Amino acid sequence: AVARHAGTIEETYTLMGLTYVQAGKNLSRVKKVIVTGGSLIHSEAPEKIAGVGVVAGLLVDKFATLVPTEQVKLVFVHGTADPVVPMGGMAYDMDNDSKPDYNYAYSLDDTIDWFIQTYGLTVADIKSSKVPDANPGDGCTMDRYEYVDSDGNIPVVKYVVNNGGHTWPGGTQYSPAYYIGALCKDAQASELIWNELKDVSR
C-alpha cells in the first residue's frame with residue numbers, strides 16, 4: 001500500500017543543494033486527494049486532486065505563465081508577520097535604489113486574484129468571520145475570508161493569521177520566534193484545511 005500510494009523517494013542534487021523527488025505515485029484507486037505544499041504540483045493525474053491547502057505559500061512569479069488544467073478548491077493559511085515568506089510578496093532590490101528589481105513571488109491577495117482570473121471566475125462577495133481566539137496568550141488571532149462566486153460557490157478560502165509567523169497554526173514552534181515569528185495556537189491548520197475540503201469531490 002505504501003509503495004502504491006507514496007511511490008519512491010529519490011535524492012537529487014541541484015544548484016540549491018540536495019532535494020528529493022517523489023515518483024511512481026499510482027492514484028488509480030484513490031477516490032480523493034487533498035494536497036498541501038508542493039505535493040503533486042506536477043501530478044500526472046491532476047483530475048484526481050480534489051483540493052489544495054496552502055500554508056505560508058505564494059505563487060512564484062516564474063510559474064504565473066502556467067495554466068492549471070483543472071480547477072480545484074483552494075484554502076490559504078498565512079501569517080501577517082511571516083519573515084520567511086512575507087504575505088505581501090517577495091521582491092528584491094538588487095542595486096539598493098529602493099526600487100524592486102526582481103519579483104520572486106506574488107502577494108497572498110495577488111496570488112488569490114491570479115487563480116480567480118485564471119479560473120475565469122467572478123467574485124460576487126467576500127465574507128469574513130473571526131476564528132475563536134482559543135488561546136489569547138499566543139498573541140495571535142485568525143480571520144477567515146470566503147470568496148463567493150457568481151454561482152454561490154466558494155472556490156477560495158483564506159485564513160489570515162494576525163501576528164502569525166512562518167509556522168503551522170496548531171503545530172510546534174520549531175525554531176525561535178525571533179527567526180520565524182509566532183506560532184498561533186487558536187486552531188490547527190490541518191483541521192481547518194480538512195474541514196474546508198472534506199466535502200469537495202472530483
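# Pairs and patches in a predicted model

Visitor: How many Å, N to O, is the salt bridge in which the side chains of Asp-143 and Lys-130 meet?
Guide: A salt bridge is a side-chain nitrogen of Lys or Arg within 4 Å of a carboxyl oxygen of Asp or Glu. In this predicted model, Asp-143 and Lys-130 meet in one through their side chains, and the N to O distance is 3.0 Å.

Visitor: How many residues apart in sequence are the parts that Asp-143 and Lys-130 tie together?
Guide: Helices (H or I, at least four residues) and strands (E, at least two) are DSSP runs, numbered from the N terminus. Asp-143 is in strand 9 (residues 141-149) and Lys-130 in strand 8 (residues 123-131), so the parts tied together are apart in sequence by 13 residues.

Visitor: Which pLDDT do side-chain atom pairs need to count?
Guide: Residues are numbered from 1 along each chain as its sequence is written, and side-chain values use heavy atoms, with hydrogens and water left out. Totals for chains, interfaces and linings use all residues and local features need pLDDT of at least 70, while side-chain atom pairs count only at pLDDT 80 or more.

Visitor: Is Lys-130 buried or exposed?
Guide: Buried means under 20% relative accessible area, exposed over 50%, and partly exposed in between (1.4 Å probe, protein chains only). Asp-143, at 10%, is buried. Lys-130 has 66% relative accessibility, so Lys-130 counts as exposed.

Visitor: How many residues apart in sequence are the parts tied together by Glu-196 and Lys-73?
Guide: The side chains of Glu-196 and Lys-73 meet in a salt bridge at 4.0 Å, N to O. Glu-196 lies in helix 4 (residues 189-197) and Lys-73 in strand 5 (residues 73-79), so the parts are apart in sequence by 123 residues.

Visitor: Are Glu-196 and Lys-73 buried or exposed?
Guide: Glu-196 has 12% relative accessibility and counts as buried. Lys-73 has 16%, so Lys-73 too counts as buried.

Visitor: Which residues are linked in a network of salt bridges?
Guide: The structure holds five salt bridges. One of them joins Arg-144 and Glu-146, with the closest N and O atoms 2.7 Å apart, and both residues are buried. The network links Lys-73, Arg-144, Glu-146 and Glu-196.

Visitor: Are the ring planes of Tyr-102 and Tyr-104 stacked, tilted or edge-to-face?
Guide: Rings of Phe, Tyr and Trp (its six-membered ring) pair if their centres lie within 6.5 Å; planes under 30 degrees apart count as stacked, over 60 as edge-to-face and the rest as tilted. A search of the whole structure finds six aromatic pairs. For Tyr-102 and Tyr-104, the centres are 6.4 Å apart and the planes stand at 55°, so the pair is tilted.

Visitor: At what angle are the ring planes of Trp-114 and Phe-115?
Guide: The ring centres of Trp-114 and Phe-115 are 4.8 Å apart. The pair is edge-to-face because the planes are at 90°.

Visitor: Which residues form one aromatic cluster?
Guide: Trp-114 counts as buried at 13% relative accessibility, and Phe-115 counts as buried at 17%. Both belong to one aromatic cluster, formed by Phe-76, Trp-114, Phe-115 and Tyr-119.

Visitor: Which residues make the nonpolar surface patch?
Guide: Patches are made of residues with over 30% relative accessible area and no salt bridge, like charges being joined within 9 Å and nonpolar side chains (Val, Leu, Ile, Met, Phe, Trp, Tyr) within 5 Å. Tyr-92, in strand 6 (residues 90-92), is partly exposed at 37%, as are Tyr-102 at 41% and Tyr-104 at 33%. The patch is about 430 Å² (Shrake-Rupley method, 1.4 Å probe; for residues, only the protein chains shown count as cover), and its makers are Tyr-92, Met-94, Tyr-102 and Tyr-104.
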